[in-house]
Amino acid sequence: MNTLYLYLPLGAGVLSVLFALGKAIWVKRQDPGEKRLQEIGSAIRKGAMAFLAREYKVLAIIVAAVAVMLFLSESGAARFVALSFVSGAVLSALAGFIGMNAATRANTRTANAARSGLVPSLNIAFQGGSVMGLSVVGLGLAGLSALTILYMNLFVPETLAAAEQVGLLSTMVLPMISGYSLGASSVALFARVGGGIFTKAADVGADLVGKVEAGIPEDDPRNPAVIADNVGDNVGDVAGLGSDLCESYIGSIIGAMVLGGAAGSVELVVFPLLIAGAGVLVSIISTFIVRTREGGNPQTALNIGTFGAAIITAALAFPLIRFVAPETFRIGGTVYESYGIFVALIGGLIGGILVGIITEYYTGDGKKPVLDIARSSNTGAATNIISGLGLGMQSTAMPIVLLGVAIWLAYFMAGLYGIAVASLGMLATTGVQLSVDAYGPIADNAGGLAEMAEM
């Protein structure tokens, strides 16, 4: 197989990282506002970085211990698994650091830009969030592509027949690469769980001290716990979420590659990397279409970016499948055609979009479910909890049905490989989806900063 194909996703990943760093520099150059605003923002930034430094120190010990055990294993291949494991952990941690560094700079600048209106503040908040999104997919894909190129050049000579290449891919290269996902998972466990617990503890603690005990508003500058609350938004919802999605993103790509090897096709092993590379490029493009006007709805602007990315990815997927994937392939005893891969991918994309729309309906400001919970609060905490739990459970029904339909359709069209591709379809535009997710805590921090600075 010609490994030149693998340089395309590697290039897309590197481009994404460079683009993210460029956006981080742009955010840093924006006006951070008056002295009081900068002082509060600096406190939040120092707290977030202190938490991350402490977390990474513990994580480094665990990663090093696991890597040493793998390296000292009797199996020679385990040493390459150790390399993959350390690479996944380091790049996932680095993505979290880059994203949170940008987010803690963007919050003060978003608050200051809000003096001029919605458009500049939305732009800074989203561009700050896009640093997280593009760093995660860029570093994740670049690292995975680089390891694949390295291992294929070492263990899969191009002079071998296609069947022999697939055999070496399945028995040597793909097991080595799986350590990359494991490394990213180790960071996600600490960052998402540890950061999430800190986030909720700080949030509830600040509310109890301020609103319940002292009777002062949320984000009141007289409540020192508010700083911890804003720190929690960054460590849990930026760094933690980024590491979590980095692991899911990498895992979905590797899962599809493994099943492609099981199908006996080198092309099906490479295809997940190519579609991920296309998704990264689409995510970069989509950061330019998130726009709104004064008095407009920011959620609509964010949705345009997310939906636009899915549509462009679908348009690119068809020629990519026709060019790369074999016309027919066999999984088990069943023969499938290449167009089935396209249908599975589109099913995953549509399923992911619909799950997002349903989630927005059940959680969106001014939507019926939220208004119903608000009305139930008039009669006390008990009815509020009952109503909230009931609607929360109800909100999971349709996403489960949609996921079931997407899985069935993907399996019918392309077997287990189709399910893996559908999963990859849901995560192909992770770059822009995570940008939207990271926008949330940046804008939330900006609101708190504005109140604490008495703007």
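**Pockets, a cavity and side-chain contacts**

The second largest pocket has a volume of about 220 Å³. The model examined here is predicted. In this pocket, 14 residues form the lining, and Leu-8, Leu-274, Gly-277, Ala-278 and Leu-320 lie nearest the centre. Two or more lining residues come from each of α1, α7 and α8. Helix α8 provides the largest share, five residues. The lining of this second largest pocket comprises 12 nonpolar and two polar residues, with no charged residues.

The largest pocket has a volume of about 910 Å³. Its lining counts 29 residues. Nearest the centre lie Gly-352, Val-355, Gly-356, Thr-359 and Asp-437. Four helices, α8, α9 (338–363), α12 (397–427) and α13 (430–452), each supply at least two residues of this lining. The largest share is that of α9, with 10 residues. By class, the lining of the largest pocket divides into 14 nonpolar, 13 polar and two charged residues. Helix α8 thus appears in the linings of the largest pocket and of the second largest pocket.

Enclosed space was also searched. One cavity of 30 Å³ or more was found. The space in the largest cavity is about 50 Å³. Its lining consists of Ala-206, Asp-207, Gly-210, Lys-211, Pro-217, Glu-218, Asp-219, Asn-223, Val-226 and Asp-229. Helices α5 (162–214) and α6 (225–262) each contribute at least two of these residues. The most come from α5, which gives four. Five lining residues of the cavity are charged, three are nonpolar and two are polar.

Aromatic contacts were examined next. A pair of aromatic rings is described by the distance of the centres and the angle of the planes. The model holds 10 aromatic pairs. One of them joins Phe-19 and Phe-288 in an edge-to-face arrangement, with 5.7 Å from centre to centre and 70° between the planes. Phe-19 belongs to helix α1 (residues 7–29), whereas Phe-288 lies in the loop between α7 (266–286) and α8 (298–324), so the pair ties together parts 269 residues apart in sequence. Phe-19 is partly exposed, at 23% relative accessible area. Phe-288 is also partly exposed, at 48%.

A second edge-to-face pair is that of Phe-80 and Tyr-151: the ring centres are 5.7 Å apart and the planes stand at 85°. This pair, too, links distant parts of the chain. Phe-80 is in helix α3 (residues 77–113) and Tyr-151 in helix α4 (residues 118–155), 71 residues apart. Phe-80 is partly exposed, with a relative accessible area of 25%. Tyr-151 has 0% relative accessibility and therefore counts as buried, the limit being under 20%. Ring pairs join Phe-80 and Tyr-151 with Phe-155 in a cluster.

Charged groups also sit over aromatic rings. The charged end of Lys-23 lies over the ring of Phe-288, 5.5 Å from the ring centre. Phe-288 thus takes part in a ring pair with Phe-19 and in a contact with Lys-23. The charged end of Arg-79 sits over the ring of Phe-71, at 5.1 Å from the centre.

Salt bridges were then considered. Side chains of opposite charge can pair when their charged atoms come close. Five salt bridges were found in the whole structure. Arg-115 and Glu-34 form one of them, at 3.1 Å from N to O. Arg-115 lies in the loop between α3 and α4, and Glu-34 in the loop between α1 and α2 (35–71), so this pair ties together parts 81 residues apart in sequence. Arg-115 is exposed, at 52% relative accessible area. Glu-34 is partly exposed, at 34%.

Other salt bridges lie within single helices. Asp-203 pairs with Lys-200, with 3.4 Å between the closest N and O atoms. Both residues are in helix α5, three residues apart, or about one turn of the helix. Asp-372 and Lys-368 meet at 2.9 Å, N to O. These two residues are four apart in helix α10 (residues 368–376), a separation of about one helical turn. Asp-372 is partly exposed, at 22% relative accessibility. Lys-368 is exposed, at 51%. Salt bridges link Lys-368, Asp-372 and Arg-375 in a network.

Technical notes:
Residues are numbered from 1 along each chain as its sequence is written. This is a predicted model: local features need pLDDT of at least 70, side-chain atom pairs count only at pLDDT 80 or more; totals for chains, interfaces and linings use all residues. Side-chain values use heavy atoms; hydrogens and water are left out. On a 1 Å grid over the protein atoms alone, a cavity is a set of points where a 1.4 Å probe fits but cannot get out, and a pocket is an open set with protein on both sides within 12 Å along at least five of seven lines; lining residues have an atom within 4 Å of a point. Grid points are joined across faces, edges and corners, and a volume is the space filled by probe spheres set on the points. Ala, Val, Leu, Ile, Met, Phe, Trp, Tyr, Cys and Pro count as nonpolar, Asp, Glu, Lys and Arg as charged, and the others, Gly among them, as polar. Rings of Phe, Tyr and Trp (its six-membered ring) pair if their centres lie within 6.5 Å; planes under 30 degrees apart count as stacked, over 60 as edge-to-face and the rest as tilted. Buried means under 20% relative accessible area, exposed over 50%, partly exposed in between (1.4 Å probe, protein chains only). A charge sits over a ring if NZ of Lys or CZ of Arg is within 6 Å of the ring centre and within 35 degrees of the ring normal. A salt bridge is a side-chain nitrogen of Lys or Arg within 4 Å of a carboxyl oxygen of Asp or Glu.
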